[in-house]
Amino acid sequence: MAHASDRGHVLLLPTSYYLAGGAFAVAASFLVLSLVSPQALGRLWRARFLLFRFPDTARAVVSLLSFAVFGALIAAGFWGSRDPLSNPLPLAIWTLLWTGMTLAQGVFGNLWSWLNPWYGPWRLVIWLTGTSDDRKCMPPWLGYWPAFLFFLGFAWFELIYPAPDDPSKLAIVAGGYWLLSFMLMLVFGYDCWSSRGEFLSVFFSMLARFSLLERDAAGRLSLCWPGAKLLDASPLLLSAAAFLLLALSSVSFDGLMRTFFWLGLYGVNPLELPGRTAMMGMGSTGLVATFLLLALLFAVAILLGRRLARNRFSFVQLAGLLVWSIVPIALAYHIAHYLTDFLVNGQYALVALSDPLARGWNLFGTAHMPVTAGIAAGADAAWWLWNVQAALIVGGHILAVLVAHVTASRLAPVTSQAALLQVPLTALMVAYTLFGLWLLATPTAG
């Protein structure tokens with residue numbers, strides 16, 4: 001609390017105190033959980049509070065409406081304002097989808113399965129042609145690598161490409177990706193491609209495992225504990241584990257690439273940035289290197305834990321289950337990292353959606369709404385914003401320790417073995433907590 005400030009203000013305590021506090025919270029959570037029996041945690045996580053039931057019948061209609069909105073946004077990208085803060089397409093994709101939908105998935109469950117713009121058109125084509133994709137599927141050897149490669153391309157476009165906010169360029173990329181994904185859904189089947197090839201569906205479905213709401217096959221909606229849906233999860237393929245690690249490393253690199261430290265490695269003066277085009281090489285290298293480093297550290301942590309606990313499971317099985325503990329870290333850091341942009345650009349999105357083609361319209365009555373940038377600026381805003389960000393990062397890591405503990409208990413029924421299995425992974429989480437909090441505290445440019 002005493003450290004709370006933004007980067008334009010004097011830090012009130014040495015940064016080392018701030019980092020040590022967050023790291024201690026994560027380490028202490030591991031020590032406390034190691035004393036709790038797996039049976040007690042299992043009983044707690046299995047608890048459900050039934051809310052109500054709703055059927056799946058309206059899903060195609062909702063998706064068709066989402067497709068219509070997506071089409072209108074693509075049109076706005078081509079024929080609307082050239083200003084990214086006045087055109088609804090960049091704001092809808094980078095603010096409402098990439099930040100807002102990520103938060104919604106982590107809290108409310110898999111809303112994307114209803115709101116994505118592919119399901120409704122696919123159902124319509126299947127109905128009109130009278131075909132079925134029951135037997136269609138991707139070759140097993142492909143695993144989740146298509147989703148991995150698409151996510152890598154998405155991250156590169158967002159972080160490295162010189163003009164990701166340019167409405168017309170974004171319209172070409174987004175429209176082209178929709179068309180390519182739709183064609184692949186017709187080839188491989190909707191369920192197969194959306195679960196292993198379409199990176200947004202893969203990413204959002206993984207986040208939904210940690211939501212507070214659960215909907216079963218019968219349509220019953222229930223309240224549950226965060227992460228409780230992982231109690232009986234199957235081990236992920238290595239390609240899926242790589243996908244999750246890429247999701248975390250890319251958002252972390254988004255913070256790292258703006259720091260004075262990173263720019264100094266390449267001799268770039270942070271007060272005289274040369275522009276994104278001149279830094280594409282260092283950015284591309286850093287994006288890939290950050291993923292490789294995180295993957296290496298994760299693999300080492302799994303191998304060390306396996307050796308310490310003398311576990312009989314293979315590396316692939318251990319990594320495929322314990323990688324789920326990375327998801328709350330990725331979710332927490334994603335929200336913390338984009339929180340300021342969401343609060344400000346979310347207001348710009350409301351304004352732009354009322355006048356998508358810059359014709360003087362006021363479709364939703366928000367076209368003339370004043371945008372209050374001060375919601376994320378100044379000393380008062382800095383106090384609550386910094387504390388929320390720090391709480392998200394520390395809380396996400398504590399939940400990750402909980403997930404790792406429950407998962408390790410499945411793999412090693414003896415409490416001491418379960419603790420030994422996750423010691424190296426917990427050490428990695430503590431280190432990543434320090435890294436995440438340091439990213440919030442260190443000076444940045446741009």
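Let's start with one residue, Leu331: its relative accessibility is 12%, so it counts as buried, the cut-off being under 20%. Keep in mind that what you're looking at is a predicted model. Leu331 sits in helix 15, which runs over residues 326-354. Leaving aside residues up to four places away in sequence, it touches Thr102, Gly106 and Leu207. Ile393 is 62 residues away from Leu331 along the chain, yet the two C-alpha atoms are separated by just 9.0 Å.

Now zoom out to the whole chain. The protein chain has 17 helices and three strands. Its C-alpha trace spans about 65 × 60 × 45 Å along the principal axes. Is that what you'd expect of a compact globule, or not? For 446 residues the rule gives a radius of gyration near 22 Å, and because the chain has 22 Å, the two agree. Of those 446 residues, 52% count as buried. Look at contacts with a separation of 6 or more, and you'll find that 79% of them join residues 24 or more positions apart. On the outside, the chain exposes about 20400 Å², with carbon and sulfur atoms supplying 70% of that area.

Next, some helices. Here's how the end-to-end reach of three of them lines up with 1.5 Å a residue:

| Helix | Residues | Number of residues | Expected span | C-alpha end to end |
|---|---|---|---|---|
| Helix 1 | 15-33 | 19 residues | 27 Å | 28 Å |
| Helix 8 | 167-188 | 22 residues | 32 Å | 31 Å |
| Helix 11 | 238-256 | 19 residues | 27 Å | 26 Å |

Which residues of helix 1 are buried? They are Tyr18, Leu19, Gly22, Ala23, Val26, Ser29, Phe30 and Leu33. If you look down the axis of helix 1, these buried residues fall within an arc of 125°, so they line one face of the helix. The face turned away from that buried side carries Tyr17, Phe24, Leu31 and Val32, which are exposed.

Helix 11 is another story to follow: 18 of its 19 residues are buried, so to speak mostly covered.

Helix 8 has a long list of buried residues, among them Pro167, Leu170, Trp178, Met185 and Phe188. What covers them? The cover includes helix 3 (59-79), helix 4 (88-108), helix 6 (119-129), helix 7, helix 9 (190-196) and helix 10 (199-208). Right after helix 8 comes Gly189, with a positive phi near 95°.

Helix 7 itself covers residues 145-159, and Leu149 is found in it. Is Leu149 buried or exposed? Its relative accessibility is 55%, so it counts as exposed, the cut-off being over 50%. Leu149 and Phe243 are 94 residues apart in sequence, but their C-alpha atoms are 8.7 Å apart in space.

Finally, the cysteines. How many disulfides does a search of the whole structure find? The search finds zero. Two cysteines are worth a look for their surroundings. Cys137 has a relative accessibility of 45%, so it counts as partly exposed. Cys224, with a relative accessible area of 8%, is buried.

How values were computed:
Residues are numbered from 1 along each chain as its sequence is written. This is a predicted model: local features need pLDDT of at least 70, side-chain atom pairs count only at pLDDT 80 or more; totals for chains, interfaces and linings use all residues. Side-chain values use heavy atoms; hydrogens and water are left out. Helices (H or I, at least four residues) and strands (E, at least two) are DSSP runs, numbered from the N terminus. The expected span of a helix is 1.5 Å times one less than its number of residues. Buried means under 20% relative accessible area, exposed over 50%, partly exposed in between (1.4 Å probe, protein chains only). The arc is that of the directions from the helix axis to the C-beta atoms. The radius of gyration is taken over C-alpha atoms; the globule rule is 2.2 Å times the number of residues to the power 0.38. Contact means heavy atoms within 4.5 Å. Accessible areas come from the Shrake-Rupley method with a 1.4 Å probe; for residues, only the protein chains shown count as cover. A disulfide is a pair of cysteine sulfur atoms within 2.5 Å.
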